[in-house]
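Student: I would like to learn how to read a model of this kind feature by feature. Could we take the strands, the charged pairs, a loop residue and a helix in turn?

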Amino acid sequence: MENQASAAVPHAREAQIFPRLDWETIGRLLPYGTVEAPPAGEILFRQGDRAVDFFVVLEGAVDLLNESVFGSPTVFRSYDVGQFTGELHLFNDRALLVTGRTAEGTRVLRLTRSAFKRMISTEADIGEIVMRAFILRRVELIADGQGGVTMVGSARAPDVHRLRSFLNRNAHPYRLLDLDSDPAAIEALSGFEVAEAELPMLILPGGGTMRNPDTATLASALGLDNTGQPSAVHDVAVIGAGPAGLAAAVYAASEGLDTIVIESEAPGGQAGTSSRIENYLGFPTGISGQALAGRAQVQAQKFGARLVVSLPVIRLDCATLPYAVTLKGGAAISARAVVIATGARYRRLSLPHYDRLEGRGIYYAATPMEAQLCRDKEVIVVGGGNSAGQAAVFLSRTCRHVHVLVRSEGLTATMSDYLVHRINDSPTITLHTFTEIIAVEGESFLSDVTWTNRQDGTCERRAIAGLFVMIGADPNTDWLEGCVPLDSKGFVLAGTAVDGAASASPYATALPGVFAVGDVRSGSVKRVASSVGEGSVVISAVHQYLAATHAD
(Lines give C-alpha, C1' and ligand atoms only; values in the text may rest on other atoms or scores of the structure.)
Protein backbone atom coordinates (compact mmCIF):
# COMPACT_ATOMS: atom_id res chain seq x y z
CA MET A 1 0.00 0.00 0.00
CA GLU A 2 1.45 3.37 -0.97
CA ASN A 3 1.84 6.23 1.50
CA GLN A 4 -1.03 8.68 1.43
CA ALA A 5 1.39 11.59 1.57
CA SER A 6 0.34 15.19 1.29
CA ALA A 7 1.39 16.67 -2.03
CA ALA A 8 2.32 19.82 -0.15
CA VAL A 9 5.18 18.07 1.60
CA PRO A 10 8.38 18.25 -0.50
CA HIS A 11 9.90 14.88 -1.40
CA ALA A 12 13.07 15.41 0.64
CA ARG A 13 11.11 16.31 3.76
CA GLU A 14 8.71 13.42 3.16
CA ALA A 15 11.66 11.04 3.14
CA GLN A 16 12.81 12.42 6.50
CA ILE A 17 9.38 12.27 8.14
CA PHE A 18 8.59 8.79 6.84
CA PRO A 19 11.96 7.16 6.06
CA ARG A 20 12.18 3.66 4.64
CA LEU A 21 14.77 1.44 6.30
CA ASP A 22 16.76 -0.91 4.06
CA TRP A 23 16.96 -4.63 4.83
CA GLU A 24 20.49 -4.34 6.20
CA THR A 25 19.30 -1.80 8.77
CA ILE A 26 16.23 -3.88 9.60
CA GLY A 27 18.55 -6.83 10.15
CA ARG A 28 20.39 -4.83 12.81
CA LEU A 29 17.05 -4.21 14.55
CA LEU A 30 15.94 -7.86 14.60
CA PRO A 31 17.88 -8.78 17.80
CA TYR A 32 15.98 -6.09 19.71
CA GLY A 33 12.48 -7.37 18.97
CA THR A 34 10.20 -10.15 17.77
CA VAL A 35 8.59 -10.76 14.38
CA GLU A 36 4.79 -11.05 14.45
CA ALA A 37 2.07 -11.67 11.85
CA PRO A 38 -1.13 -10.12 13.27
CA PRO A 39 -4.43 -10.67 11.42
CA ALA A 40 -5.88 -7.93 9.23
CA GLY A 41 -7.70 -5.24 11.19
CA GLU A 42 -5.84 -5.81 14.47
CA ILE A 43 -5.26 -2.67 16.55
CA LEU A 44 -1.56 -2.42 17.37
CA PHE A 45 -2.04 0.77 19.37
CA ARG A 46 -5.01 3.00 20.09
CA GLN A 47 -5.51 6.73 20.38
CA GLY A 48 -5.40 7.67 24.07
CA ASP A 49 -3.17 4.75 25.15
CA ARG A 50 -0.26 5.68 27.44
CA ALA A 51 2.31 2.97 26.67
CA VAL A 52 2.87 1.48 23.21
CA ASP A 53 5.58 -0.41 21.36
CA PHE A 54 7.63 0.44 18.27
CA PHE A 55 6.84 -1.40 15.03
CA VAL A 56 8.75 -1.81 11.77
CA VAL A 57 6.64 -2.98 8.83
CA LEU A 58 8.13 -6.07 7.13
CA GLU A 59 5.16 -6.92 4.90
CA GLY A 60 1.77 -5.35 4.25
CA ALA A 61 0.99 -2.04 5.97
CA VAL A 62 -0.11 -0.34 9.17
CA ASP A 63 -2.90 2.23 8.70
CA LEU A 64 -3.06 5.28 10.95
CA LEU A 65 -6.54 6.36 12.00
CA ASN A 66 -7.80 9.57 13.54
CA GLU A 67 -10.72 8.65 15.80
CA SER A 68 -13.27 11.32 16.72
CA VAL A 69 -16.67 11.52 18.38
CA PHE A 70 -17.82 13.49 15.31
CA GLY A 71 -17.67 10.58 12.89
CA SER A 72 -16.21 7.23 11.90
CA PRO A 73 -12.45 6.66 12.20
CA THR A 74 -10.61 7.89 9.11
CA VAL A 75 -7.33 6.63 7.69
CA PHE A 76 -5.00 9.57 7.08
CA ARG A 77 -1.73 7.70 6.43
CA SER A 78 -0.30 4.23 5.95
CA TYR A 79 3.15 2.89 6.78
CA ASP A 80 4.34 0.26 4.33
CA VAL A 81 7.37 -2.05 4.00
CA GLY A 82 10.52 -0.68 5.66
CA GLN A 83 8.74 2.14 7.49
CA PHE A 84 8.25 2.40 11.24
CA THR A 85 5.53 3.62 13.57
CA GLY A 86 5.67 6.09 16.43
CA GLU A 87 6.51 9.66 17.35
CA LEU A 88 7.56 11.50 20.50
CA HIS A 89 5.13 9.64 22.80
CA LEU A 90 7.60 6.73 22.82
CA PHE A 91 9.81 8.76 25.17
CA ASN A 92 7.15 9.51 27.78
CA ASP A 93 3.80 8.35 29.17
CA ARG A 94 1.60 10.83 27.36
CA ALA A 95 -1.63 9.86 25.61
CA LEU A 96 -1.14 8.44 22.14
CA LEU A 97 -2.46 10.69 19.39
CA VAL A 98 -3.45 8.16 16.71
CA THR A 99 -4.65 4.57 16.25
CA GLY A 100 -2.66 1.98 14.29
CA ARG A 101 -4.45 -0.89 12.49
CA THR A 102 -2.95 -3.70 10.41
CA ALA A 103 -3.79 -4.24 6.74
CA GLU A 104 -4.12 -7.62 5.00
CA GLY A 105 -0.94 -9.74 4.97
CA THR A 106 1.01 -7.65 7.46
CA ARG A 107 4.14 -8.76 9.29
CA VAL A 108 5.88 -6.46 11.76
CA LEU A 109 8.95 -6.33 13.94
CA ARG A 110 7.85 -5.34 17.45
CA LEU A 111 10.25 -3.63 19.87
CA THR A 112 8.99 -3.13 23.41
CA ARG A 113 9.54 0.35 24.85
CA SER A 114 12.51 -0.77 26.92
CA ALA A 115 14.06 -2.52 23.91
CA PHE A 116 13.36 0.57 21.77
CA LYS A 117 15.15 2.88 24.22
CA ARG A 118 18.08 0.47 24.38
CA MET A 119 18.25 0.44 20.59
CA ILE A 120 18.15 4.25 20.37
CA SER A 121 21.12 4.61 22.71
CA THR A 122 23.11 1.74 21.14
CA GLU A 123 22.51 2.18 17.39
CA ALA A 124 23.39 5.86 17.06
CA ASP A 125 22.93 6.15 13.27
CA ILE A 126 19.51 4.46 13.34
CA GLY A 127 18.58 6.52 16.39
CA GLU A 128 19.31 9.72 14.46
CA ILE A 129 16.94 8.69 11.65
CA VAL A 130 14.20 7.76 14.13
CA MET A 131 14.57 10.89 16.30
CA ARG A 132 14.45 13.22 13.30
CA ALA A 133 11.36 11.44 11.98
CA PHE A 134 9.62 11.59 15.36
CA ILE A 135 10.22 15.33 15.76
CA LEU A 136 9.03 16.10 12.22
CA ARG A 137 5.97 13.88 12.65
CA ARG A 138 4.93 15.87 15.70
CA VAL A 139 5.39 19.08 13.72
CA GLU A 140 3.19 17.67 10.94
CA LEU A 141 0.51 16.55 13.39
CA ILE A 142 0.44 20.05 14.88
CA ALA A 143 0.25 21.70 11.46
CA ASP A 144 -2.54 19.38 10.27
CA GLY A 145 -4.44 19.28 13.57
CA GLN A 146 -4.46 15.48 13.37
CA GLY A 147 -4.79 13.19 16.34
CA GLY A 148 -4.87 15.81 19.06
CA VAL A 149 -7.46 17.74 21.04
CA THR A 150 -10.51 19.25 19.35
CA MET A 151 -11.50 22.50 21.06
CA VAL A 152 -14.89 24.19 20.56
CA GLY A 153 -15.22 27.80 21.70
CA SER A 154 -14.64 31.44 20.80
CA ALA A 155 -11.04 32.22 19.77
CA ARG A 156 -11.26 35.48 21.72
CA ALA A 157 -12.45 33.92 24.98
CA PRO A 158 -9.80 34.00 27.75
CA ASP A 159 -10.24 30.32 28.64
CA VAL A 160 -9.76 29.36 25.00
CA HIS A 161 -6.62 31.50 24.92
CA ARG A 162 -5.39 29.90 28.16
CA LEU A 163 -5.86 26.33 26.90
CA ARG A 164 -4.55 27.04 23.40
CA SER A 165 -1.44 28.61 24.90
CA PHE A 166 -0.92 25.59 27.14
CA LEU A 167 -1.27 23.14 24.23
CA ASN A 168 0.93 25.24 21.94
CA ARG A 169 3.73 25.53 24.46
CA ASN A 170 3.60 21.80 25.20
CA ALA A 171 3.67 20.98 21.45
CA HIS A 172 0.39 19.07 21.64
CA PRO A 173 -1.70 19.03 18.43
CA TYR A 174 -5.16 20.54 18.58
CA ARG A 175 -7.87 21.83 16.30
CA LEU A 176 -9.94 24.88 17.20
CA LEU A 177 -13.56 25.11 16.05
CA ASP A 178 -14.18 28.85 16.49
CA LEU A 179 -17.77 29.63 17.46
CA ASP A 180 -17.31 33.15 16.08
CA SER A 181 -16.45 32.11 12.53
CA ASP A 182 -16.70 28.34 11.96
CA PRO A 183 -20.16 26.86 11.20
CA ALA A 184 -18.75 23.45 12.10
CA ALA A 185 -18.32 24.63 15.68
CA ILE A 186 -22.04 25.17 16.20
CA GLU A 187 -22.77 21.85 14.52
CA ALA A 188 -20.22 20.15 16.77
CA LEU A 189 -22.04 21.36 19.89
CA SER A 190 -25.48 20.38 18.65
CA GLY A 191 -25.27 16.96 20.27
CA PHE A 192 -24.23 18.33 23.66
CA GLU A 193 -25.95 20.48 26.25
CA VAL A 194 -23.21 22.97 27.04
CA ALA A 195 -23.65 26.14 29.09
CA GLU A 196 -21.57 29.20 28.19
CA ALA A 197 -19.54 28.84 31.38
CA GLU A 198 -18.63 25.29 30.31
CA LEU A 199 -16.92 26.49 27.13
CA PRO A 200 -14.59 25.66 25.61
CA MET A 201 -15.51 22.03 25.25
CA LEU A 202 -12.61 19.69 24.53
CA ILE A 203 -12.70 16.33 22.79
CA LEU A 204 -9.62 14.34 23.76
CA PRO A 205 -7.66 11.65 21.91
CA GLY A 206 -9.69 8.52 22.47
CA GLY A 207 -13.07 10.33 22.48
CA GLY A 208 -13.44 11.63 26.04
CA THR A 209 -14.79 15.16 26.58
CA MET A 210 -13.94 17.94 29.03
CA ARG A 211 -15.72 21.22 29.70
CA ASN A 212 -13.53 24.26 30.38
CA PRO A 213 -10.95 22.31 32.41
CA ASP A 214 -8.13 23.96 34.32
CA THR A 215 -4.72 23.32 32.81
CA ALA A 216 -3.71 20.85 35.51
CA THR A 217 -6.76 18.67 34.80
CA LEU A 218 -6.09 18.77 31.07
CA ALA A 219 -2.41 17.95 31.62
CA SER A 220 -3.41 14.92 33.68
CA ALA A 221 -5.83 13.72 30.98
CA LEU A 222 -3.07 13.97 28.37
CA GLY A 223 -0.47 12.28 30.56
CA LEU A 224 1.74 15.36 30.93
CA ASP A 225 1.86 15.12 34.73
CA ASN A 226 3.06 11.54 35.22
CA THR A 227 5.33 11.56 38.26
CA GLY A 228 6.23 7.86 38.10
CA GLN A 229 6.52 5.59 41.13
CA PRO A 230 5.82 7.46 44.41
CA SER A 231 8.49 5.43 46.19
CA ALA A 232 11.24 6.25 43.67
CA VAL A 233 14.26 8.23 44.86
CA HIS A 234 15.86 10.15 42.00
CA ASP A 235 19.48 11.20 41.81
CA VAL A 236 18.49 14.75 40.93
CA ALA A 237 15.25 16.71 40.69
CA VAL A 238 15.40 19.73 38.39
CA ILE A 239 12.73 22.26 39.34
CA GLY A 240 11.84 24.31 36.29
CA ALA A 241 12.15 23.57 32.56
CA GLY A 242 13.43 26.83 31.19
CA PRO A 243 16.77 26.94 29.33
CA ALA A 244 18.77 26.37 32.55
CA GLY A 245 16.60 23.51 33.77
CA LEU A 246 16.48 21.76 30.41
CA ALA A 247 20.25 22.03 30.01
CA ALA A 248 20.72 20.55 33.48
CA ALA A 249 18.33 17.73 32.59
CA VAL A 250 20.11 16.91 29.32
CA TYR A 251 23.54 16.76 30.95
CA ALA A 252 22.35 14.93 34.06
CA ALA A 253 20.43 12.26 32.14
CA SER A 254 23.10 11.82 29.48
CA GLU A 255 25.68 11.25 32.22
CA GLY A 256 23.66 8.47 33.79
CA LEU A 257 21.85 10.26 36.60
CA ASP A 258 18.24 9.31 37.36
CA THR A 259 16.68 12.67 36.49
CA ILE A 260 13.21 14.13 36.93
CA VAL A 261 12.19 17.60 35.74
CA ILE A 262 9.20 19.38 37.26
CA GLU A 263 7.65 22.28 35.35
CA SER A 264 4.62 24.29 36.46
CA GLU A 265 3.37 25.27 32.99
CA ALA A 266 5.37 24.35 29.89
CA PRO A 267 8.99 23.84 28.83
CA GLY A 268 10.93 26.94 27.88
CA GLY A 269 10.19 29.39 30.67
CA GLN A 270 10.05 33.04 29.60
CA ALA A 271 12.42 32.23 26.73
CA GLY A 272 9.85 29.73 25.44
CA THR A 273 7.48 32.61 24.63
CA SER A 274 10.05 34.49 22.50
CA SER A 275 9.00 34.70 18.87
CA ARG A 276 12.61 34.56 17.65
CA ILE A 277 16.01 34.45 19.36
CA GLU A 278 18.60 35.63 16.86
CA ASN A 279 21.75 35.88 18.98
CA TYR A 280 21.85 32.29 20.28
CA LEU A 281 25.03 30.51 19.22
CA GLY A 282 24.64 28.12 16.30
CA PHE A 283 21.39 29.53 14.87
CA PRO A 284 22.43 32.32 12.46
CA THR A 285 18.89 32.78 11.15
CA GLY A 286 17.39 32.62 14.64
CA ILE A 287 15.11 30.15 16.36
CA SER A 288 11.86 30.57 18.26
CA GLY A 289 11.97 30.05 22.00
CA GLN A 290 9.35 27.32 21.71
CA ALA A 291 11.35 25.42 19.07
CA LEU A 292 14.53 25.64 21.14
CA ALA A 293 12.73 24.41 24.25
CA GLY A 294 11.02 21.63 22.29
CA ARG A 295 14.32 20.29 20.98
CA ALA A 296 15.89 20.41 24.44
CA GLN A 297 12.89 18.63 25.95
CA VAL A 298 13.12 15.79 23.42
CA GLN A 299 16.87 15.59 23.98
CA ALA A 300 16.45 15.22 27.74
CA GLN A 301 13.76 12.55 27.33
CA LYS A 302 15.90 10.69 24.80
CA PHE A 303 18.51 10.21 27.55
CA GLY A 304 15.86 9.05 30.01
CA ALA A 305 14.86 12.18 31.95
CA ARG A 306 11.22 12.19 33.13
CA LEU A 307 9.36 15.46 32.54
CA VAL A 308 6.38 16.36 34.74
CA VAL A 309 4.28 19.29 33.46
CA SER A 310 1.60 21.43 35.09
CA LEU A 311 2.27 20.42 38.69
CA PRO A 312 3.84 23.44 40.40
CA VAL A 313 6.15 22.81 43.34
CA ILE A 314 4.68 24.24 46.53
CA ARG A 315 7.29 23.20 49.10
CA LEU A 316 10.79 21.81 49.54
CA ASP A 317 11.18 19.63 52.63
CA CYS A 318 14.82 20.30 53.42
CA ALA A 319 14.91 18.86 56.96
CA THR A 320 15.59 15.27 55.90
CA LEU A 321 17.52 13.37 53.25
CA PRO A 322 16.71 12.54 50.55
CA TYR A 323 14.97 15.85 49.91
CA ALA A 324 11.22 15.81 49.32
CA VAL A 325 9.62 18.13 46.77
CA THR A 326 5.87 18.52 47.32
CA LEU A 327 3.73 19.29 44.26
CA LYS A 328 0.36 20.94 43.96
CA GLY A 329 -2.20 18.24 44.64
CA GLY A 330 -0.09 16.54 47.29
CA ALA A 331 2.25 14.30 45.27
CA ALA A 332 5.85 14.23 46.51
CA ILE A 333 9.10 13.64 44.63
CA SER A 334 12.20 12.37 46.46
CA ALA A 335 15.70 13.25 45.24
CA ARG A 336 19.23 13.14 46.58
CA ALA A 337 20.07 16.47 44.93
CA VAL A 338 17.96 19.40 43.76
CA VAL A 339 18.65 21.96 41.02
CA ILE A 340 16.55 25.11 41.40
CA ALA A 341 15.81 26.52 37.93
CA THR A 342 12.40 28.09 38.43
CA GLY A 343 13.36 31.37 36.76
CA ALA A 344 11.30 34.51 37.09
CA ARG A 345 7.91 35.80 35.95
CA TYR A 346 6.95 39.11 34.36
CA ARG A 347 5.53 41.68 36.71
CA ARG A 348 1.96 42.86 36.29
CA LEU A 349 0.71 46.41 36.08
CA SER A 350 -1.30 47.78 39.00
CA LEU A 351 -4.31 49.36 37.31
CA PRO A 352 -8.10 49.29 37.66
CA HIS A 353 -9.76 46.64 35.41
CA TYR A 354 -6.34 45.06 34.68
CA ASP A 355 -7.16 41.69 36.26
CA ARG A 356 -10.46 41.47 34.41
CA LEU A 357 -8.80 42.07 31.02
CA GLU A 358 -5.95 39.56 31.39
CA GLY A 359 -6.32 37.08 28.54
CA ARG A 360 -8.86 39.45 26.99
CA GLY A 361 -6.34 41.71 25.28
CA ILE A 362 -3.65 41.83 27.97
CA TYR A 363 -0.94 39.24 27.33
CA TYR A 364 2.54 38.25 28.51
CA ALA A 365 3.73 36.54 25.32
CA ALA A 366 3.67 37.43 21.65
CA THR A 367 3.14 34.21 19.72
CA PRO A 368 1.37 33.61 16.39
CA MET A 369 -1.84 33.03 18.35
CA GLU A 370 -1.83 36.53 19.89
CA ALA A 371 -0.61 38.06 16.63
CA GLN A 372 -3.62 36.60 14.82
CA LEU A 373 -6.01 38.03 17.40
CA CYS A 374 -4.46 41.48 16.93
CA ARG A 375 -4.01 41.40 13.15
CA ASP A 376 -4.37 44.81 11.43
CA LYS A 377 -4.88 46.57 14.78
CA GLU A 378 -2.79 48.78 17.05
CA VAL A 379 -0.99 47.18 19.97
CA ILE A 380 1.34 48.20 22.80
CA VAL A 381 4.47 46.47 24.08
CA VAL A 382 5.56 47.59 27.53
CA GLY A 383 9.20 46.94 28.40
CA GLY A 384 12.75 47.61 27.24
CA GLY A 385 14.39 44.18 27.39
CA ASN A 386 15.13 41.73 24.59
CA SER A 387 11.82 39.91 25.07
CA ALA A 388 9.94 43.17 24.53
CA GLY A 389 12.06 44.01 21.49
CA GLN A 390 11.51 40.59 19.93
CA ALA A 391 7.77 40.90 20.57
CA ALA A 392 7.59 44.35 18.97
CA VAL A 393 9.44 43.29 15.83
CA PHE A 394 7.35 40.12 15.52
CA LEU A 395 4.01 41.91 16.00
CA SER A 396 4.94 44.65 13.52
CA ARG A 397 4.64 42.09 10.70
CA THR A 398 0.89 41.64 11.16
CA CYS A 399 -0.35 44.53 13.33
CA ARG A 400 -1.19 47.94 11.93
CA HIS A 401 1.10 49.68 14.41
CA VAL A 402 3.14 48.77 17.48
CA HIS A 403 3.79 51.26 20.30
CA VAL A 404 6.76 50.44 22.54
CA LEU A 405 6.48 52.12 25.94
CA VAL A 406 9.44 52.48 28.33
CA ARG A 407 9.85 54.54 31.48
CA SER A 408 13.53 55.24 30.75
CA GLU A 409 15.19 57.49 28.18
CA GLY A 410 15.64 54.73 25.60
CA LEU A 411 16.49 51.13 24.78
CA THR A 412 20.26 51.03 24.32
CA ALA A 413 21.06 50.20 27.95
CA THR A 414 18.69 47.22 28.16
CA MET A 415 18.21 45.80 24.66
CA SER A 416 20.53 44.16 22.12
CA ASP A 417 21.78 46.54 19.46
CA TYR A 418 20.29 44.61 16.52
CA LEU A 419 16.81 44.88 18.04
CA VAL A 420 17.22 48.57 18.81
CA HIS A 421 18.09 49.24 15.15
CA ARG A 422 15.12 47.23 13.89
CA ILE A 423 12.72 49.12 16.14
CA ASN A 424 14.17 52.50 15.15
CA ASP A 425 14.08 51.63 11.43
CA SER A 426 10.55 50.17 11.37
CA PRO A 427 7.83 52.46 10.01
CA THR A 428 5.21 50.48 11.97
CA ILE A 429 6.88 50.75 15.39
CA THR A 430 6.95 53.91 17.52
CA LEU A 431 9.07 54.18 20.67
CA HIS A 432 7.63 56.27 23.52
CA THR A 433 10.23 57.11 26.18
CA PHE A 434 9.55 58.31 29.76
CA THR A 435 6.07 56.86 29.30
CA GLU A 436 3.81 54.71 31.46
CA ILE A 437 0.26 53.41 31.22
CA ILE A 438 -2.28 54.96 33.57
CA ALA A 439 -5.55 53.29 32.43
CA VAL A 440 -6.91 50.29 30.57
CA GLU A 441 -10.52 50.06 29.45
CA GLY A 442 -12.84 47.54 27.85
CA GLU A 443 -16.00 45.55 28.48
CA SER A 444 -15.55 41.99 27.21
CA PHE A 445 -12.11 42.76 25.74
CA LEU A 446 -9.45 45.44 25.94
CA SER A 447 -10.51 48.41 23.81
CA ASP A 448 -8.61 51.51 24.98
CA VAL A 449 -5.36 52.36 26.75
CA THR A 450 -4.25 55.70 28.18
CA TRP A 451 -0.60 56.55 28.76
CA THR A 452 1.24 59.59 30.09
CA ASN A 453 4.64 61.13 29.45
CA ARG A 454 6.30 61.62 32.85
CA GLN A 455 8.46 64.50 31.58
CA ASP A 456 5.84 66.84 30.17
CA GLY A 457 2.69 65.39 31.78
CA THR A 458 0.83 64.91 28.49
CA CYS A 459 -1.65 62.04 28.18
CA GLU A 460 -2.87 60.10 25.19
CA ARG A 461 -5.75 57.66 24.87
CA ARG A 462 -5.84 55.23 21.93
CA ALA A 463 -7.91 52.31 20.71
CA ILE A 464 -5.66 49.31 21.43
CA ALA A 465 -6.40 45.63 20.70
CA GLY A 466 -3.44 44.10 22.52
CA LEU A 467 -1.29 45.10 25.48
CA PHE A 468 1.87 43.00 25.85
CA VAL A 469 3.41 43.47 29.28
CA MET A 470 7.10 42.53 29.60
CA ILE A 471 8.41 44.53 32.53
CA GLY A 472 10.95 43.35 35.04
CA ALA A 473 10.82 39.99 36.75
CA ASP A 474 9.98 38.51 40.13
CA PRO A 475 11.68 35.25 41.11
CA ASN A 476 9.66 32.06 41.49
CA THR A 477 10.99 31.23 44.95
CA ASP A 478 7.96 31.23 47.25
CA TRP A 479 8.25 27.45 47.62
CA LEU A 480 11.77 27.76 49.09
CA GLU A 481 10.82 29.64 52.22
CA GLY A 482 12.98 28.64 55.16
CA CYS A 483 15.29 26.35 53.16
CA VAL A 484 17.86 28.46 51.31
CA PRO A 485 18.97 32.10 51.71
CA LEU A 486 17.42 34.64 49.33
CA ASP A 487 18.53 38.18 48.51
CA SER A 488 16.39 41.24 49.19
CA LYS A 489 14.47 40.74 45.94
CA GLY A 490 13.81 37.05 46.52
CA PHE A 491 16.48 35.59 44.21
CA VAL A 492 18.47 32.57 45.44
CA LEU A 493 21.91 33.30 46.91
CA ALA A 494 24.56 30.88 45.68
CA GLY A 495 28.34 30.51 45.64
CA THR A 496 30.27 33.26 47.41
CA ALA A 497 27.04 35.26 47.71
CA VAL A 498 25.85 32.91 50.46
CA ASP A 499 28.26 34.04 53.19
CA GLY A 500 31.11 35.74 51.35
CA ALA A 501 33.32 32.64 51.38
CA ALA A 502 34.22 30.65 48.28
CA SER A 503 32.13 27.50 47.83
CA ALA A 504 32.81 24.34 45.86
CA SER A 505 30.50 25.61 43.12
CA PRO A 506 29.24 29.08 42.18
CA TYR A 507 25.79 27.48 41.96
CA ALA A 508 25.79 25.83 45.40
CA THR A 509 23.34 27.19 47.97
CA ALA A 510 23.84 27.04 51.72
CA LEU A 511 21.91 23.75 51.71
CA PRO A 512 24.16 20.81 50.73
CA GLY A 513 23.09 19.17 47.49
CA VAL A 514 20.80 22.05 46.49
CA PHE A 515 21.94 24.27 43.61
CA ALA A 516 20.52 27.31 41.78
CA VAL A 517 20.98 28.15 38.09
CA GLY A 518 19.60 30.59 35.55
CA ASP A 519 17.43 33.64 36.16
CA VAL A 520 16.40 32.52 39.67
CA ARG A 521 20.01 32.81 40.91
CA SER A 522 20.99 36.13 42.47
CA GLY A 523 23.44 37.99 40.24
CA SER A 524 22.91 35.81 37.16
CA VAL A 525 23.10 37.21 33.64
CA LYS A 526 19.57 37.15 32.26
CA ARG A 527 20.38 35.58 28.88
CA VAL A 528 19.37 32.26 27.33
CA ALA A 529 22.97 31.28 26.53
CA SER A 530 24.23 31.96 30.04
CA SER A 531 21.32 30.01 31.54
CA VAL A 532 22.11 27.03 29.30
CA GLY A 533 25.75 27.27 30.36
CA GLU A 534 24.89 27.31 34.05
CA GLY A 535 22.52 24.37 33.66
CA SER A 536 25.16 22.27 31.95
CA VAL A 537 28.03 23.19 34.29
CA VAL A 538 26.10 22.63 37.53
CA ILE A 539 25.85 18.89 36.89
CA SER A 540 29.56 18.44 37.61
CA ALA A 541 28.89 19.83 41.09
CA VAL A 542 25.91 17.49 41.44
CA HIS A 543 28.16 14.53 40.60
CA GLN A 544 30.71 15.63 43.20
CA TYR A 545 28.05 16.00 45.87
CA LEU A 546 26.48 12.61 45.11
CA ALA A 547 29.89 10.91 45.09
CA ALA A 548 30.80 12.47 48.44
CA THR A 549 27.52 11.55 50.13
CA HIS A 550 27.65 8.01 48.71
CA ALA A 551 31.19 7.60 50.06
CA ASP A 552 30.01 8.74 53.48
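Tutor: Let us begin with a pair of strands: in this predicted model, strand S24 (residues 448–453) and S25 run antiparallel and are joined by 5 bridges. Strands of a sheet pair through backbone hydrogen bonds, either parallel or antiparallel. At the level of single residues, tryptophan 451 has glutamate 460 in S25 as its bridge partner.

Student: In what order do the strands of this open sheet lie, and which are the edge strands?

Tutor: The sheet is open and has 3 strands in the order S23-S24-S25, with antiparallel pairing. S23 and strand S25 (459–463) are the edge strands, since each of them pairs on one side only. From one strand to the next, the twist averages 25 degrees.

Student: Turning to charged side chains, how many salt bridges does a search of the whole structure find?

Tutor: The search finds 27 salt bridges, and a useful way to read any one of them is to ask where its two partners lie. Arginine 162 and aspartate 159, whose closest N and O atoms are 3.2 Å apart, form one such bridge. Both residues belong to helix H5 (residues 158–169), where they are 3 residues apart, about one turn of the helix. Arginine 162 is partly exposed at 26% relative accessible area, and aspartate 159 is likewise partly exposed at 28%.

Student: Which parts does the salt bridge between arginine 422 and glutamate 278 tie together?

Tutor: The side chains of arginine 422 and glutamate 278 meet at 2.3 Å, N to O. Arginine 422 sits in helix H13 (residues 417–425), whereas glutamate 278 is in the loop between strand S13 (259–263) and helix H9 (289–302), so the pair ties together parts that are 144 residues apart in sequence. Arginine 422 is partly exposed, with a relative accessible area of 35%, and glutamate 278 is partly exposed as well, at 23%.

Student: Where do arginine 407 and glutamate 436 lie, and is arginine 407 buried or exposed?

Tutor: These two residues form a salt bridge in which the closest N and O atoms are 3.7 Å apart. Arginine 407 lies in the loop between strand S21 (401–405) and H13, and glutamate 436 lies in strand S23 (residues 435–441), so this pair ties together parts that are 29 residues apart in sequence. Arginine 407 is exposed, with a relative accessible area of 53%, while glutamate 436 counts as partly exposed at 25% relative accessibility. Salt bridges can also be linked in a network, as they are for Glu378, Arg400, Glu460 and Arg462.

Student: Which residues does serine 275 touch, and is serine 275 buried or exposed?

Tutor: Serine 275 belongs to the loop between S13 and H9, and it is buried because its relative accessible area is 17%, which is under the 20% cut-off. Leaving aside residues up to four places away in sequence, serine 275 touches Ser288, Ala366, Gln390 and Phe394. Its side chain also reaches the backbone oxygen of glutamine 390, at 3.3 Å.

Student: Finally, how many residues of helix H8 are buried?

Tutor: In H8, 10 of the 12 residues are buried, and the helix is mostly covered; among the buried residues are Pro243, Leu246 and Val250. Helix H8 (residues 243–254) reaches 16 Å from its first C-alpha to its last, close to the 16 Å expected at 1.5 Å a residue. Glycine 256, which follows H8, has a positive phi near 90 degrees.

Definitions and conventions
Residues are numbered from 1 along each chain as its sequence is written. This is a predicted model: local features need pLDDT of at least 70, side-chain atom pairs count only at pLDDT 80 or more; totals for chains, interfaces and linings use all residues. Side-chain values use heavy atoms; hydrogens and water are left out. A salt bridge is a side-chain nitrogen of Lys or Arg within 4 Å of a carboxyl oxygen of Asp or Glu. Helices (H or I, at least four residues) and strands (E, at least two) are DSSP runs, numbered from the N terminus. Buried means under 20% relative accessible area, exposed over 50%, partly exposed in between (1.4 Å probe, protein chains only). Two strands pair if DSSP finds at least two bridges between them. Axes are lines fitted to C-alpha atoms, for helices over the stretch in contact, and angles run from 0 to 180 degrees between N-to-C directions. A polar contact is a pair of N or O atoms within 3.5 Å; within protein, one must be able to donate a hydrogen and the other to accept it, and residues adjacent in sequence count only if both atoms are side-chain atoms. Contact means heavy atoms within 4.5 Å. The expected span of a helix is 1.5 Å times one less than its number of residues.
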